[in-house]
Amino acid sequence: MNKIQVFNTLSGTKEEFVPLQDNVVRMYACGPTVYDLSHLGHARMAIVWDVVQRYLRFVGYDVIYVRNITDVDDKIIKRAKELGITPEKLSRQYTYAFWHDMHSLNVESPDFEPRATEYITQMIAFTQGLIDGGHAYEAGGDVYFDVASFKDYGKLGKQNLEQLLVGSREQAVAQETLAHLKKSPVDFALWKSADASELGWPSPWGRGRPGWHLECSAMVKRILGETIDIHCGGEDLVFPHHENEIAQSEALHGQPMARYWLHNSFVQTNSEKMAKSLGNFKTIRDLLATFSADTIRLFILQSHYRNPIDFTIESLQATSTGIQRLLRAASFEHGLNESEAVAPSEAAQKTADTFKEEFAAAMNNDFNTAVAISHLYQLADGITQTKSAADKQYLASTLVHYAKVLGLTMTDTRQELDTATGAKLIDLILTLRKEARERKDYASSDLIRKSLTEIGVNVMDSADGATWEKI
Ligand SMILES: [Zn+2]
């Protein structure tokens, strides 16, 4: 088995990855809150962890990958109210939209994809366990986690309770209604009361709904167990979300929640974090209207996952030429048919072996896709320069195989035209036909009309000129 080094946010260093149990990797990524269309920041998070789980499987691990859907949240409730629909309907609608986007980006489905609303029973039991253990308390129909009862609080984000108290006192002024219920301003809600008109479930503390952090703790426990191998997500989740997950789970179970905490960096526009609140986001759909899934994926993976990405349309355009470079080299995979196939030369085999070692070394170094991709480019250039068709074919199939480890589809669409381009082409042909008629070249004009009919385009002449339609 390959030795993989991962950067663990918890220790602040790179460590050798060793799963808790043999060959099994239990991995949990925090998924989307479904109240709007996903943007490039969401795409980055989904693609980065998709590649990590793909690579772990590629090297032989038996991965159980869980990514949740947050379908109960204040943002969902607020948006549903604005739109005049139920929160359930809104979250379902955007869950489907998220799946559509993930499928379009060739992000594999996780092994489990729990929705928060399906785990209310487990969340209530979890909360009751924390109350029984002296780590949570009820106040006015809400239940809060008692941060002072968990001595390790702040260990993930490297903050101590004093620093957190100063920050939260400022916040508390803005949220006075909640502040008077809590023992300490840093205590966070496990359960929030809800009146009969709001989304809610019955509980021992009255009608209410879970706090956001609780769902991941309850679902990790139910699906993967008390200690998992990898817990991952965007770096904005370190505090408070993952810090609070650790507090809840470790206070209840008395053992580590996850052995490795991995976090990906942001996508920035003009060096600001890309987020909907900044109004500068590009939805995945907007981008897919112009760029292929492989271009978007390559763009994201050309940076190491812990470095921020500066997004510009120009940089995405530059990446599409990179994809073409890979596709041109990959096309030699089909250069020879079976009867023509001969063994590759020793030199080609050596090139492939060296490439595989370099690719593995890059990926084993904290999933450094940026370096892995530079080796793909080198291999592609090598294929172009190789003279022998057999060697080209052998190296091209190696290229395609490894590109797919990164989740690139390698679908060659270089000669596929979209409908708008097709329509422009026919308009162009009709302009040429018009010019032929003007110089009384009726033979050419008739040939154009006949040829267009044969490919399924009907040309209609009128006093105003020619128009066309599909037959
Ligand atoms: Zn989470």
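How many aromatic pairs does the structure hold? The count is 14, and several of these pairs are taken up below. The model under discussion is predicted.

The overall frame comes first. The chain has 471 residues, of which buried residues make up 48%. Its secondary structure consists of 16 helices and 15 strands. Taken along the principal axes, the C-alpha atoms fill a box of roughly 90 × 65 × 35 Å. Among the contacts with a separation of 6 or more, 74% are between residues 24 or more positions apart. The domain assignment divides the chain into domain 1 (5-278), domain 2 (324-405) and domain 3 (419-470). Between domain 1 and domain 3, the C-alpha centres are 60 Å apart.

Within the range of domain 1, an open sheet merits attention. Four strands form this sheet in the order 5-6-7-8, with antiparallel pairing. Strand 5 (136-139) and strand 8 (208-210) each have a single partner strand because they stand at the edges, so one side of each is left without a neighbour in the sheet. From one strand to the next, the twist averages 20°. Strands of a sheet pair through backbone hydrogen bonds, in either a parallel or an antiparallel sense. Here, strand 5 pairs with strand 6 (residues 142-145) in the antiparallel sense over four bridges. One residue-level example is Tyr-137, whose bridge partner in strand 6 is Tyr-144.

Helix 8 (residues 238-253) lies across strand 6 and strand 7 (188-193), and runs at about 85° to strand 7. This helix contains Pro-240, and the peptide bond leading from Phe-239 to Pro-240 is cis, with omega near 0°. Glu-245 also lies in helix 8. Is Glu-245 buried or exposed? Its relative accessible area is 0%, so Glu-245 is buried. Leaving aside residues up to four places away in sequence, Glu-245 touches Cys-30, His-213, Cys-216, Ser-217, His-231, Met-257 and Trp-261. By contrast with these contacts, the C-alpha atoms of Glu-245 and Gln-21 are separated by 22 Å, the two residues being 224 residues apart along the chain.

The aromatic pairs can now be considered individually. A pair of aromatic rings is described by the distance of the centres and the angle of the planes. For Phe-17 and Tyr-61, the ring centres are 5.8 Å apart and the planes stand at 80°, so the pair is edge-to-face. This pair links distant parts of the chain, 44 residues apart: Phe-17 is in the loop between strand 2 (13-16) and strand 3 (24-29), and Tyr-61 is in the loop between helix 1 (40-58) and strand 4 (62-67). Both Phe-17 and Tyr-61 are buried.

Phe-359 and Tyr-402 likewise form an edge-to-face pair, at 5.0 Å centre to centre and 80° between the planes. Distant parts of the chain are again linked, with Phe-359 in helix 12 (residues 346-364) and Tyr-402 in helix 14 (residues 389-405), 43 residues apart. Phe-359 is buried because its relative accessible area is 1%, and Tyr-402 counts as buried because its relative accessibility is 9%. Ring pairs join these two residues with Tyr-55, Phe-58, Phe-355 and Phe-367 in a cluster.

Phe-367, a member of that cluster, has a positive phi of about 55° although it is not a glycine. Its place is in the loop between helix 12 and helix 13 (369-385), and at 2% relative accessibility Phe-367 counts as buried. Asn-106 has phi near 60°, also a positive value in a residue other than glycine. Asn-106 is found in the loop between helix 3 (87-104) and helix 4 (120-132), and at 27% relative accessibility it counts as partly exposed.

Aromatic rings also meet charged side chains. The charged end of Arg-306 sits over the ring of Phe-7, 3.8 Å from its centre. Lys-392 lies over the face of Phe-332, at 4.3 Å from the ring centre.

The final element lies within the range of domain 3. Strand 14 (residues 457-462) and strand 15 (residues 465-470) run antiparallel and are joined by six bridges. The two strands form a hairpin with two residues between them. Within this hairpin, Asn-458 has Glu-469 of strand 15 as its bridge partner.

Notes: Residues are numbered from 1 along each chain as its sequence is written. This is a predicted model: local features need pLDDT of at least 70, side-chain atom pairs count only at pLDDT 80 or more; totals for chains, interfaces and linings use all residues. Side-chain values use heavy atoms; hydrogens and water are left out. Two strands pair if DSSP finds at least two bridges between them. Axes are lines fitted to C-alpha atoms, for helices over the stretch in contact, and angles run from 0 to 180 degrees between N-to-C directions. Contact means heavy atoms within 4.5 Å. Rings of Phe, Tyr and Trp (its six-membered ring) pair if their centres lie within 6.5 Å; planes under 30 degrees apart count as stacked, over 60 as edge-to-face and the rest as tilted. Buried means under 20% relative accessible area, exposed over 50%, partly exposed in between (1.4 Å probe, protein chains only). A charge sits over a ring if NZ of Lys or CZ of Arg is within 6 Å of the ring centre and within 35 degrees of the ring normal. Domain bounds come from an automatic or database domain assignment.
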